[in-house]
Amino acid sequence: MEKAMSKAARTVEITEEVSTVEESPIEGQRSIGEAELKSIAEALIFVADEPISAKTIADVIDADRDTVEKAIADLGAEYEARKGALQLREIAGGWQIATRPEHHEDIRAYLKSRPSAKLSLASLETLAVIAYKQPVTVPEILEIRGVQSPSAIKTLLDKRLIVAKGRKETVGRPMMYGTSKEFLIQFGLKDLSELPSIEDFQDLAGGES
Amino acid sequence: MEENTQTIETETTSNTAAESAQTISVAGAQPAIATDRDSDQLQITLGEFEGPLDLLLYLIRQDQVNIYDIPIARITDEYLRYLTLMKELDLTVAGDFLVMAAQLIELKSRMLLPRDPLAVEEELEDPRAELVNRLLEHEKFKAAAQMLWSRATVEQAVFKRAEIETDTNNPEVAVGLFDLLTVFQKILARHKEEVLMEIEREEVTMAEMIDRLRNMMRSAGEVNLMKFFERAQSRRELVVAFLSVLELVRLSEISLVQHETFGEILARSVSPA
């Protein structure tokens with residue numbers, strides 16, 4: 001962070017107003033105004049095929065990360081205020097421009113697509129256990145689910161929702177699993193901390209009886 | 001049992017997240033047939049359970065008993081009755097179900113026994129406590145699975161811009177170095193297997209092997225058996241080679257000579273060609 005700041009300070013002049021640029025122009029430096037920065041960030045987020053992080057954007061345009069983050073926040077506010085079809089969202093540690101869910105029927109009608117096959121209940125339960133208990137081994141998953149889940153684990157691995165996270169140093173050295181970046185993307189999560197606490201489900205579960 | 005799809009459902013195309021959440025909560029509970037109004041799709045839910053914990057939870061909910069005070073005798077009876085039903089329906093009863101049945105019966109018997117008055121404090125714990133904890137833990141994760149399900153449903157309603165031609169790191173094809181290595185190793189392993197198979201299929205018959213030995217005898221007069229065996233390219237060929245030596249000895253075509261103990265064995269023609 002500190003490093004990025006000093007680097008940015010050395011090479012880029014971030015200015016609030018155009019006038020400041022004119023007052024202190026230093027040769028060989030690229031000055032990006034607030035509006036331009038916002039515009040560039042939007043363009044990069046638009047073309048990026050995966051959620052793009054503020055750091056990546058900052059690196060590309062050689063700007064200070066905090067400034068880029070502020071520009072993105074402003075951009076997001078603009079998207080909100082406009083109440084259009086698009087939203088700017090933070091997913092898997094990056095930013096992404098996507099449509100709002102309200103329009104899914106019309107979009108599907110145009111794309112002539114159907115939602116892709118959902119995960120089975122078994123796979124979802126296994127995924128839930130892995131998401132909350134990671135890194136977790138197969139025997140530990142069995143303990144919670146009460147059933148073997150070899151095919152569920154295979155499905156999740158095939159769909160790249162989980163990844164092997166090394167072996168546990170215990171009897172049999174079982175493989176440990178954790179969720180992947182793809183998991184965050186497919187479930188629209190900023191990061192793992194965005195998952196509701198597992199203890200919240202306790203109230204929900206206990207409340208039913 | 002595992003992926004033994006308990007809900008045969010045709011794709012729910014236009015369900016909102018809320019509707020979908022309802023669908024999942026009934027899945028695996030009771031047998032049911034439901035139609036989707038917007039299309040002619042039919043949903044059939046079989047009354048089958050993901051696992052023993054699911055079945056137990058269902059029985060507890062159905063009887064509306066307190067999960068912290070499970071009437072073990074009654075629930076065990078119902079549980080066993082369900083297993084019998086599964087057998088009658090010719091469904092394979094997975095081992096997990098049987099393990100749970102055994103645990104329930106053990107619990108039931110422990111509940112019947114009077115408590116040991118001399119037992120230490122910790123042994124006085126409700127024998128059901130462990131099961132209750134497992135059930136609650138399981139239920140939490142079932143709820144978490146539902147949450148993931150609705151998240152995925154909402155997420156599927158969100159669209160990103162169409163792919164640009166330069167999209168090379170599409171998640172479908174994004175592989176790391178290790179994926180590549182794994183695939184490569186598999187190919188190597190398969191290749192190795194194939195080669196081994198080929199050699200085995202290339203069978204040398206006994207007659208061919210005898211001919212080979214006779215030819216060697218003819219050209220050299222005597223043959224060092226070690227050299228003869230070394231020509232064999234596979235285990236099978238080696239066996240055939242050994243047998244053909246025995247065969248020729250039996251036919252008195254050759255005799256075996258050894259000059260010193262543990263020394264090399266030479267095959268000599270009995271009647272010089």
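**Helix α8 of chain A, the shared core and a chain B sheet**

In helix α8 of chain A, which spans residues 138–145, the buried residues are A:Ile141, A:Ile144 and A:Arg145. Looking down the axis of α8(A), these buried residues fit within an arc of 90°, so they line one face of the helix. That fits a simple rule of helix geometry: an α-helix has 3.6 residues a turn, so residues three or four places apart point the same way. The model discussed here is a predicted one.

What sits over that buried face? The cover for the buried residues of α8(A) comes from both chains, and includes α7 (121–133) and β5 (136–137) of chain A as well as α5 (129–156) of chain B. Right after α8(A) comes A:Gly146, with a positive phi of about 80°.

Helix α8(A) also feeds into the largest nonpolar core, to which α7, α8, α9 (150–158), β6 (162–167) and α10 (181–186) of chain A, plus α5 of chain B, each give at least two residues. This core counts 36 residues, and those with the most contacts inside it are A:Leu124, A:Leu127, A:Ala128, A:Ile130, B:Ala144, B:Ala145 and B:Leu148. In soluble globular proteins, nonpolar side chains tend to be buried together. Take A:Leu127: leaving aside residues up to four places away in sequence, A:Leu127 touches A:Leu119, A:Leu156 and A:Leu161, and reaches B:Leu148 in the other chain.

Turning to chain B as a whole, its 273 residues include 19% that are buried. Chain B holds nine helices and six strands. Of the chain B contacts between residues at least 6 apart in sequence, 55% link residues at least 24 apart.

Three of the strands in chain B make an open, antiparallel sheet, ordered β4-β6-β5. Here β4 (222–224) and β5 (254–258) of chain B are the edge strands, each with a single partner, so one side of each has no neighbour in the sheet. On average, neighbouring strands in this sheet are turned by 25° against each other, direction ignored. Five bridges join β5(B) to β6 (residues 265–269) of chain B in the antiparallel sense. One of the residues involved is B:Leu256, whose bridge partner in β6(B) is B:Ala267. Across β4, β5 and β6 of chain B lies helix α7 (residues 206–220) of that chain, running at about 120° to β4(B).

Methods
Residues are numbered from 1 along each chain as its sequence is written. Chains are lettered from A and ligands numbered from 1 in the order in which they are written. This is a predicted model: local features need pLDDT of at least 70, side-chain atom pairs count only at pLDDT 80 or more; totals for chains, interfaces and linings use all residues. A residue is buried if 20 or more other C-beta atoms lie within 10 Å of its own, exposed if 12 or fewer, and partly exposed in between; C-beta atoms are placed from the backbone. Helices (H or I, at least four residues) and strands (E, at least two) are DSSP runs, numbered from the N terminus. The arc is that of the directions from the helix axis to the C-beta atoms. Two residues are in contact if their C-beta atoms, placed from the backbone, lie within 7 Å. A nonpolar core is a set of buried Ala, Val, Leu, Ile, Met, Phe, Trp, Tyr and Cys residues joined through C-beta atoms within 7 Å. Two strands pair if DSSP finds at least two bridges between them. Axes are lines fitted to C-alpha atoms, for helices over the stretch in contact, and angles run from 0 to 180 degrees between N-to-C directions.
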